[in-house]
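Colleague: Could you take me through this model, a piece at a time? I would like to hear the reasoning behind each answer.

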Amino acid sequence: SITTVQAGQRNNFLSIQCPKSLSSCSSPPGTVQALGTHPCSRINKEQSTNYTYYKGKFFNCTAMSNKELKKVPTFDTVEEREQTRLTEFRKDPEGGGDKCLLQQKNTEHLMQIDTKFPITSIRPKTSTAKFTNDSFEHDEDAVARSAHVDERNEASFASGMNESLGDGDSPTTRDNEQSDSNEISREVSRGTGEDEAAVPREAQDALPIASKVEPPKELLDRIRSLEEAEDQRATATPVDLEEMQREPREKRRWMIVGSLGVVLATLAIVLGVTLGGGRTNASTPSITVLGSPPTPAPTTQADAVLRDLIASFSLDGGVALSDPLSPQSKALSWLNANANLGSYPDWRKVQRHVLATFYFSTNGDGWIERDDWLTEVHECDWFSSAVDRACDESGRFARLVLFDNNVSGILPKDIAILSDSMLGLAFRNAPIKGIIPTELGLLSNLEFLFFLSIDMNGTIPSELGQFRSADFWALYLEDISLTGLVPSEIFALPGVEEISLSRTMLSGSIPSEIGLSPNLKVLQLYETLLTGPLPTEIGRCSLLHTLTAHSNNLNGSLISELGLLTNVVHLTLDETNIEGTICTEIGLLSLLGFVALQSLGLNGTMPSELGKLSSAEFIYLQNNSLTGSIPSEMGNVENLIHLGLQENKLIGYIPSELGNLKSLDHLWLQGNALSGSFPFEMTRTTSLASLFLSRNIIEGSLPSTIGTWKHLEHLHIDQNKFVGSIPSEIGSMRLMEAVMSENNFSGSIPSEVANLNELQILSISSNSLALNGTLPSELGLMSSLRSLALYNASIEGTLPTEIGFLKSLGVLLIGQTQLTGPIPSEIGQLTQLDRLFLSQSALNGTIPSAIGRLTSLIQLNLEQLNLTGTIPTELLLLTALNSFVAFGNNFIGPFTCPEFIEICGVSCGSVLNDQCRDLDEVKTDEISGEMTTNLIEKVLPTDGG
């Protein structure tokens, strides 16, 4: 019995199993017919089964171990466009180890490959296209021709094979096969006795470790004698053209052996047609392809063959190739012009055509980087953003990765043609439009798919659930205008580890099929339109370490099944509609390092189990309705860096155990109802950088030990009930913001505050008039200061001229104080100032004309001072000014408010005329008669911004 394992050029196997009794052969034993394919010969069984011919070499299968056999290069076939990889060589388990067998992937089908002679082309009965390591072949009539082979008995096998090779083949195909047959003959000749270096490079590369041995001398002698006899018979037989017409079979197959010149001359005279023939080397096994028809113009025929090749593997049957403007047609024209096209095996022609189609479809000429694309350089070396090489070791394209490269246009479905080799697709920041092709589901070997920040739309094709490779690990469809539901099929991928569908417009609920993803480690669904509760099946994803589903419309409660995710490290469900209490099972997540549950509808108390999160570094529970006190167990979370509990309804004391958190960097407690004194133990948290206690009921004094907070940058303790003086130790800190307004501090502002050369915001307003003393002239040394608020304080003395050194100052609020004296002209040096409030104090004199140099000024408030004189015309230079309030002074007119000032608010004292408005004409709510906390909050950052 003869079974074709593979068809191709120079890469062939013919499976032959000789019967135990040679008498069962219908042809005379000891004869070798035209193609050397007869299964029986007068050679003992060991000789006929031990040797396999592959790529120009004989191999002794029985001399090779199983390990070596598995390393023999693999090859592919295509059956009805479905590629089946044949991956394993091994010994025959039933034949005593004397046969080489091939095992088909995912099947138990074994095929014997102990072939002694190379063949040129044997086509599978059920296929019209073959995919091998070296070539593609296509024949529309293969199925019909194969039927004739089955009808022939073993005696007529050779002639039947000749018919199978002849019918329907194009002239170019047969000529190529003739050329390849001669090349095989030369390779066999070199491989049987000459130096190994003579073997073609592809043959050497193909079998790096196989045992290469010569066949027995008896076998070669028999082959030589048989072929010599065949040559003699062919030469002695006259050519009868009439007989050829009477016998259609003989007309299609003629073996012309002997003197080439005599035969050509005879045929030219009789028919005017030149037929080619050749003589094989009688000393070595050889193949002669018979009956090759005339070859037409090579360029036209080559174009047709290339087109047929590309069309046979296209997904639309080659329809797009007929449109000269299509990317596929442009790619074909480019490929046809390749200088080295003739040296490419067919699989490389198809591969280069697919990549060229991608280039034209995505406007490759507009890419930022396109080095070597569409050149004769091997496509494996064309520009790529991939960390790994774009191709695998065999040269097949495996990774199409282009990041930040302005890849635009449409993603062609033709990429799916490379389904056998493609392992990864990745595009980022690419204005690719259109929808995700459903054909991507054909990429059965794909390992990752990354579409990040691209302009695609539409839905997620359910076909993406066909990535059945156990090595597929990542599906990222991020920052894309995808709509519709999340297909449940993507959670059934056998090996998927990471899924991200974030920043899309996907809606509906999270499929319960998520429980079918036991290997899932990363699930990102943030910034979507998803609704519904968290599916309880998520608890089956025991390997999950990242779950980010914030900023969407999820609802329901924090399910207890979250406690089953014992490997989770990152959990964010913030800014959703989830409500209810914090489940106590959260304490089981000992590896949890980042938890964000802010801006939900959570209520109830903080469970003490939060203290069991020994690995937690960031805990955010702000903007909820949590009640009760802060559990002291929070002091056990020794790795905690950020703790956000602001804007809740927490009461009680700040637990002193928080002082045990040596790594604590940011503590947000503002916007609660916390009371009691500030625990001095907190000063042991020497790494603290931000402390926000605003809008609580905390009382007592600031401990002098705050000087140990060497890294503190943000101190917001406003709107509490702190008493006592401001510790002078504040000067040893590295504060950038100090907001201490609306407390009950007393005493003077310590001069040490001037040491805070990095301080940008200082607010000590509204301290119940208990803060007194003078403004220290050292304030002028605070060169980084951007905002100074000293409103509603019993500050006395004069406004120091050193204030003019604060060149970075943008906001100056000094009102409701006891300051006296004139406004210093040095204030005109504050060129960055945009808001100046010097109201409700005893400042006197005139408005300095230097204020006209404050060209960035937007608001100017000089209300209820003791200013006199005229309003300087330099104010007309303040083109950015939109609010000027100066009522309650003793100005003399005339003064005309510029058109660009919305509110004038000028009281002209004893001189009234049409150009001045009286105080009664100005609405109090328009000109902000009293400096309030609300106004301060508009010009000062509070609560950490």
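Colleague: Glad to have it on screen. Is Asp381 buried, partly exposed or exposed?

Modeller: Happy to start there, and please keep in mind that this is a predicted model. The relative accessibility of Asp381 is 43%. Buried needs a value under 20% and exposed one over 50%, so at 43% Asp381 counts as partly exposed.

Colleague: Which residue forms a salt bridge with Asp381?

Modeller: The cut-off for a salt bridge is 4 Å between a side-chain nitrogen and a carboxyl oxygen. For Asp381 the closest N and O atoms are 3.6 Å apart in its pair with an arginine. That arginine has 45% relative accessibility and counts as partly exposed. The partner is Arg389.

Colleague: Which residues are joined into one network by salt bridges that share partners?

Modeller: Two salt bridges build the picture. Glu379 meets Arg348 at 2.8 Å, N to O, and Glu379 also forms a salt bridge with Arg352, with the closest N and O atoms 2.7 Å apart. Through shared partners, the network takes in Arg348, Arg352 and Glu379.

Colleague: How many residues apart in sequence are Glu379 and Arg352?

Modeller: Glu379 lies in the loop between H13 and E11, whereas Arg352 belongs to helix H13, so their pair ties together separate parts of the chain. Both count as buried, because Glu379 has 0% relative accessibility and Arg352 has a relative accessible area of 0%. Arg348, at 11%, counts as buried too. In sequence, Glu379 and Arg352 are 27 residues apart.

Colleague: How many of the 16 residues of H13 are buried?

Modeller: Let me take the geometry of this helix before its burial. At 1.5 Å a residue, residues 346-361 should span 22 Å, and the end C-alpha atoms are 22 Å apart, which agrees. Just after H13, Asn363 takes a positive phi of about 55 degrees. H13 is largely enclosed by the rest of the structure, because the number of its residues that are buried is 15 of the 16.

Colleague: Which side chain of opposite charge is nearest to Glu498?

Modeller: Glu498 sits in strand E19, residues 498-500. Glu498 is buried yet has no salt bridge. The cut-off is 4 Å, and the nearest side chain of opposite charge is 7.6 Å away. That side chain is Lys521.

Colleague: Which side chain is joined to Glu498 by a polar contact of 2.5 Å?

Modeller: Leaving aside neighbours within four places in sequence, Glu498 is in contact with several residues, including Trp473, Leu475, Leu520 and Val522. Another residue from that set of contacts is a tyrosine. The 2.5 Å polar contact joins the side chain of Glu498 to that of Tyr476.

Colleague: In the open sheet with the order E35-E37-E39, which strands stand at the edges?

Modeller: The pairing in this sheet of 3 strands is parallel. Strand E37, residues 721-724, pairs with E39 over 2 bridges, and Gly724 stands opposite Phe745 in E39. An edge strand here has a single partner strand, so one side is left without a neighbour in the sheet. The edge strands are E35 (699-700) and E39 (744-745).

Colleague: And in E24, what is the bridge partner of Thr531?

Modeller: E24 belongs to an open sheet of 3 strands in the order E20-E22-E24, with parallel pairing. Strand E20 (507-508) and strand E24 (553-554) are at its edges, each with a single partner strand. E22, residues 529-532, and E24 pair over 2 bridges. In E24, the bridge partner of Thr531 is Asn553.

Colleague: Where is Asp479 placed?

Modeller: Asp479 has a positive phi of about 55 degrees although it is not a glycine. With a relative accessible area of 34%, Asp479 is partly exposed. Its place is in the loop between strand E17 (474-478) and strand E18 (481-482).

Colleague: One more, please: is Glu647 buried, partly exposed or exposed?

Modeller: Glu647 is placed in the loop between strand E30 (642-644) and strand E31 (651-652). Phi of Glu647 is near 55 degrees, a positive value in a residue other than glycine. Its relative accessible area is 28%, so Glu647 is partly exposed.

Notes:
Residues are numbered from 1 along each chain as its sequence is written. This is a predicted model: local features need pLDDT of at least 70, side-chain atom pairs count only at pLDDT 80 or more; totals for chains, interfaces and linings use all residues. Side-chain values use heavy atoms; hydrogens and water are left out. Helices (H or I, at least four residues) and strands (E, at least two) are DSSP runs, numbered from the N terminus. The expected span of a helix is 1.5 Å times one less than its number of residues. Buried means under 20% relative accessible area, exposed over 50%, partly exposed in between (1.4 Å probe, protein chains only). Two strands pair if DSSP finds at least two bridges between them. Lys and Arg count as positive and Asp and Glu as negative; His and the chain ends are not counted. A polar contact is a pair of N or O atoms within 3.5 Å; within protein, one must be able to donate a hydrogen and the other to accept it, and residues adjacent in sequence count only if both atoms are side-chain atoms. Contact means heavy atoms within 4.5 Å.
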